[in-house]
Amino acid sequence: MSLTTYRAAATSHMDFRADERRRLVAWAGKNGLEVSIKPAGAGQAEGMIFVGYGEGVVHWTIYRADGHLWLCHIEDRTDQGREGSKVTVGSVEDALARIMVDTEA
């Protein structure tokens, strides 16, 4: 029997690395936001990160698709329902910086 400590082959290349997940959780706690991470698995090819103010309300999603890292900002519009705008970002840190700019606006 052997123990494998590195499992890169066991996770999808579209999923988030353990260090990225740890940084996201620490960042959210420091900034008063909630983070929910849904790993890649059956039914979806990529992992998704949901960021919001709490109470299960998602305002941003971060995910990898088509070879890019995407940040989608979901806006509540009372008269129009929910709309989203998405942009590619260079890294998880870039996504977090954009979220901070959105929260300060």
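Start by selecting Glu20, Leu24, Trp27 and Ala28: these are the buried residues of helix H1. They sit on the same side of H1, because the arc they cover around the axis is only 100°. Keep in mind as you go that this is a predicted model.

Now turn to the other side of H1 and pick out Arg22, Gly29 and Lys30, which are exposed. Then show the whole helix, residues 18-31. Its 14 residues should span 20 Å at 1.5 Å a residue, and the end C-alpha atoms are indeed 20 Å apart, so the two values agree.

**Next stop: the second helix**

Select residues 92-104 to bring up helix H2. This helix has 13 residues and reaches 19 Å from its first C-alpha to its last, close to the 18 Å expected at 1.5 Å a residue. Which residues of H2 are buried? Colour Val92, Ala95, Leu96 and Ile99 and you have them. Their directions cover an arc of only 95° around the axis, which means that they share the same side of H2. On the other side of H2, look for Val101 and Glu104, both exposed.

**Both helices together**

Two packed helices are described by the angle between their axes and the distance between the axes. Show H1 and H2 at once: their axes come within 11 Å and cross at roughly 15°. Angles under 35 degrees count as roughly parallel, and H1 and H2 are therefore roughly parallel to each other. The crossing of these two helices is right-handed.

**On to the strands**

Hide the helices and select residues 48-54, which make up strand S2. Is S2 mostly covered or mostly open? It is mostly covered, with 5 of its 7 residues buried.

Add strand S1, residues 34-38, and you will see S1 and S2 paired in the antiparallel sense over 5 bridges. A handy pair to click on here is Val35 and Val51 in S2, which stand opposite each other.

Then add strand S3, residues 57-65. S2 and S3 also pair in the antiparallel sense, over 6 bridges. To find your place in this pairing, select Gly52, which stands opposite Val58 in S3.

**Last stop: a loop residue**

Follow the chain on from S3 and select Asp66, found in the loop between S3 and strand S4 (68-77). Phi of Asp66 is near 55°, a positive value in a residue other than glycine. Is Asp66 buried or exposed? Exposed means over 50% relative accessible area, so Asp66, at 71% relative accessibility, counts as exposed.

Technical notes: Residues numbered from 1 in each chain as written. Predicted model: local features only at pLDDT ≥ 70, side-chain atom pairs only at ≥ 80, totals over all residues. Heavy atoms only, no water. Helix = DSSP H or I, 4+ residues; strand = E, 2+ residues; numbered from the N terminus. Expected span 1.5 Å × (residues − 1). Buried < 20%, exposed > 50% of the residue type's maximum accessible area, 1.4 Å probe, protein only. Arc of directions from axis to C-beta. Pairing = 2+ DSSP bridges. Axes fitted to C-alpha atoms, helices over the stretch in contact; angles between N-to-C directions. Parallel < 35°, antiparallel > 145°, perpendicular 65-115°, else oblique. Left-handed = near helix turned anticlockwise from the far one by under 90°.
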